[in-house]
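Dear colleague,

I am passing on the structure you will be working with, followed by an account of what turned up in it. Please keep the structure open beside this message while you read.

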Amino acid sequence: MTFAADADARASGPTDLLDTPEQAEDLGVDDSSKGREHHGTDAAPRRRGLSAAGARVKPFLSGHWPFLIILAVGLSLRVITMLGYRWAMWFNDAFQYVQTAIENEPHIVRPNGYVFFLQALEPFHSFALVTTVQHLMGLGIAVMIYALLRRRLGARRWVATLAAAPVVLDAYQIQLEHMVLSDVPFTFLMTGMVTLILWWRDITIVRGAALGTLLALTVLTRSVGLALVLVVLVYLVIRRVRWTALAATLIACALPLMGYAAWFKSEHGKYGLSNSSGPFLYARVMKFADCHKIKNLPVEEMPLCTQVPATDRPSSQFYVWGNSSPLLRLPGDMFNNDKSAEAGRFAKRAILAQPGDYLQAMAYDVVRVFFWNRTVFPDKFTYDLYQFRTTADPNPDWAEPFTEAYEHGASDTRVVEPFAGVMRFYQKWFYLRGTLLGMILLVAVAGLIRRRDWFGRALLPLGAVAGLLVTPAASAEFDYRYVIPAIPMACLAAALAWTPGRRAANAAPSSSRLGRSVRARRESASS
């Protein structure tokens with residue numbers, strides 16, 4: 001299961017970026033002898049250099065103009081966003097990221113991967129720089145997808161362009177890039193990792209170590225990356241990667257995670273990447289948990305029960321962040337070691353006692369991904385944070401010391417018209433609806449069925465989509481921003497499922513050009 005070899009690339013020659021044989025003429029260099037007659041010998045090298053540069057640029061532009069137009073539109077939208085919402089938009093988690101970056105300690109709720117990103121940019125004291133880099137990451141995700149499909153795997157121009165378009169043009173993607181959150185760097189790392197795996201002809205020990213390092217960074221940026229570790233390792237085994245390279249991947253992934261876990265223990269007294277899995281899983285099961293169905297429930301866990309009927313219970317996040325969550329009946333902070341462990345034990349008892357209800361809750365959250373319309377969920381406050389709004393709430397008082405220390409000044413979002421109004425209008429109409437995401441996944445599955453390529457390249461991004469959508473539904477709760485990182489992987493999977501590969505892609509245009517040449521000679525002879 002290896003992909004395009006270097007010999008294939010050499011065989012394709014200059015037609016790799018060209019669509020018609022006539023464009024090959026553009027690669028010729030003008031005769032410089034005339035330049036010497038009129039401009040002297042010094043002008044000739046400059047003219048040859050300009051001619052060579054033009055010969056390279058012209059076929060590039062003609063070969064990729066649809067994608068370049070979309071990229072230019074996406075860049076313009078991001079500039080308008082920067083001008084309309086200066087200079088960053090805020091979500092509840094964002095303030096904790098900034099606080100952790102200032103205090104320089106492992107956060108108890110989530111790993112510090114994004115914190116490391118913020119700390120790397122902290123010397124510039126600019127949230128505008130943070131969002132600018134994230135906007136460039138968003139465009140970079142599209143470039144990686146397009147380059148992989150078009151340059152490496154020989155996909156048709158329109159297929160590669162369509163696969164990259166959603167991440168460039170989706171309004172919620174742009175809005176997420178403008179927030180101080182980990183999702184965009186996470187998606188960038190994930191896409192880079194998938195691109196490298198599919199680009200490389202062979203996975204060597206060094207390349208395996210590089211993949212392992214990327215995997216570790218992905219996990220530390222968002223804990224859902226743990227699901228990607230399993231997906232990548234299974235794919236590498238299916239691809240029959242040498243065991244030495246596979247071992248290098250595992251070791252390079254494990255070492256940074258073990259180092260972080262040791263740092264976490266030094267601060268919080270327990271090896272781990274975070275201490276939130278117990279409370280979040282408890283919140284998940286509280287949508288259905290019935291203590292009357294849990295046999296032999298220990299007395300110390302009984303305060304975690306509720307008498308509220310399942311149909312009347314609030315969203316799962318209430319049971320972590322709500323002021324009257326049953327978790328608050330237990331002593332200590334919400335995420336201390338004892339409370340987290342007890343909440344996890346209760347959740348596992350509920351799952352074992354009510355497996356059908358647990359699967360039903362998971363399934364509903366996964367199905368919600370594919371609704372045509374976005375509904376107000378889990379509450380209006382959270383839903384509004386994902387919108388380009390007419391006004392922006394001031395940053396909370398407790399967070400101001402940290403945001404001002406990072407920015408060296410005020411950091412509240414300033415809404416500036418008419419730029420903000422442009423993005424509000426754009427977001428109302430231009431985004432990938434959940435039903436369309438479902439159709440893209442069906443296209444990917446249909447391609448696999450048609451080609452019977454069950455363990456081909458498309459399996460890797462499809463596995464990533466499954467991990468990104470199912471893991472939150474199983475361990476916490478559905479959230480609209482959790483869907484955004486799955487979109488580029490779904491588009492890539494659909495394109496890969498219908499892309500025959502570099503060798504076949506090169507063969508078809510060559511045959512077509514040969515046919516045109518034969519017809520031209522016959523017409524010339526007859527005339």
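Helices (H or I, at least four residues) and strands (E, at least two) are DSSP runs, numbered from the N terminus. Please bear in mind throughout that this is a predicted model.

With those element names in hand, we can begin with two peptide bonds and two backbone angles. P418 sits in the loop between β2 (414-415) and α19 (419-429), and the peptide bond that joins E417 to P418 is cis, with omega about 5 degrees. A cis bond also runs from R86 to W87, where omega is near -10 degrees, and W87 belongs to the loop between β1 (85-86) and α4 (92-103). Most peptide bonds are trans, and most residues other than glycine have a negative phi. With that in mind, N104 deserves a look, since N104 is not a glycine and yet has a positive phi of about 55 degrees. N104 lies in the loop between α4 and α5 (113-121), and at 48% relative accessibility this residue counts as partly exposed. H408, which is likewise not a glycine, has a positive phi of about 60 degrees; H408 is found in the loop between α18 (400-407) and β2, and is exposed, with a relative accessible area of 59%.

Turning to the chain as a whole, its secondary structure comes to 24 helices and two strands. Of its 527 residues, 51% count as buried, and its accessible surface is about 24900 Å², with 62% of that area belonging to carbon and sulfur atoms. If you take the contacts between residues at least 6 apart in sequence, 78% of them join residues that are at least 24 apart.

The record adds something here. In an unreviewed entry, UniProt lists several stretches under "transmembrane region", including residues 65-88, 180-200, 212-238 and 245-264. In the model, the span 65-88 is 83% helix and 8% strand, and its end C-alpha atoms lie 31 Å apart. The span 245-264, by contrast, is 100% helix and 0% strand, with its end C-alpha atoms 29 Å apart. C253 is buried, with a relative accessible area of 7%, and C491 also counts as buried, at 6% relative accessibility.

One helix that can be followed in some detail is α15, which covers residues 337-353. How far should its 17 residues span? At 1.5 Å a residue the expected span is 24 Å, and the end C-alpha atoms are 25 Å apart, which agrees. At the start of α15, a side-chain oxygen of N336 reaches to within 3.1 Å of the backbone nitrogen of D338. An α-helix has 3.6 residues a turn, so residues three or four places apart point the same way. It is worth keeping this in mind as you locate the buried residues of α15, among them K339, E342, A343, F346, A347 and A350. What covers the buried residues of this helix includes α13 (277-285) and α16 (355-368).

A second helix, α10 (residues 205-221), holds L214. Is L214 buried or exposed? At 18% relative accessibility L214 counts as buried, because the cut-off for that word is under 20%. Leaving aside neighbours within four places in sequence, L214 is in contact with L189, M193 and L196. The C-alpha atoms of L214 and M190 are separated by 7.9 Å, although these two residues are 24 residues apart along the chain.

Finally, there is the matter of the cysteines. A disulfide is a covalent bond between the sulfur atoms of two cysteines. The count for this model comes to one disulfide, which joins C291 to C305 with an S to S distance of 1.8 Å. Both C291 and C305 are placed in the loop between α13 and α14 (318-321), 14 residues apart. The torsion about their S-S bond is about -100 degrees, so the disulfide is left-handed. C305 is buried, with a relative accessible area of 11%.

With best wishes

Notes. Residues are numbered from 1 along each chain as its sequence is written. This is a predicted model: local features need pLDDT of at least 70, side-chain atom pairs count only at pLDDT 80 or more; totals for chains, interfaces and linings use all residues. Side-chain values use heavy atoms; hydrogens and water are left out. UniProt positions are given in the numbering used here, feature names are shortened, and annotations may be inferred rather than shown by experiment. The expected span of a helix is 1.5 Å times one less than its number of residues. Buried means under 20% relative accessible area, exposed over 50%, partly exposed in between (1.4 Å probe, protein chains only). Contact means heavy atoms within 4.5 Å. A polar contact is a pair of N or O atoms within 3.5 Å; within protein, one must be able to donate a hydrogen and the other to accept it, and residues adjacent in sequence count only if both atoms are side-chain atoms. Accessible areas come from the Shrake-Rupley method with a 1.4 Å probe; for residues, only the protein chains shown count as cover. A disulfide is a pair of cysteine sulfur atoms within 2.5 Å.
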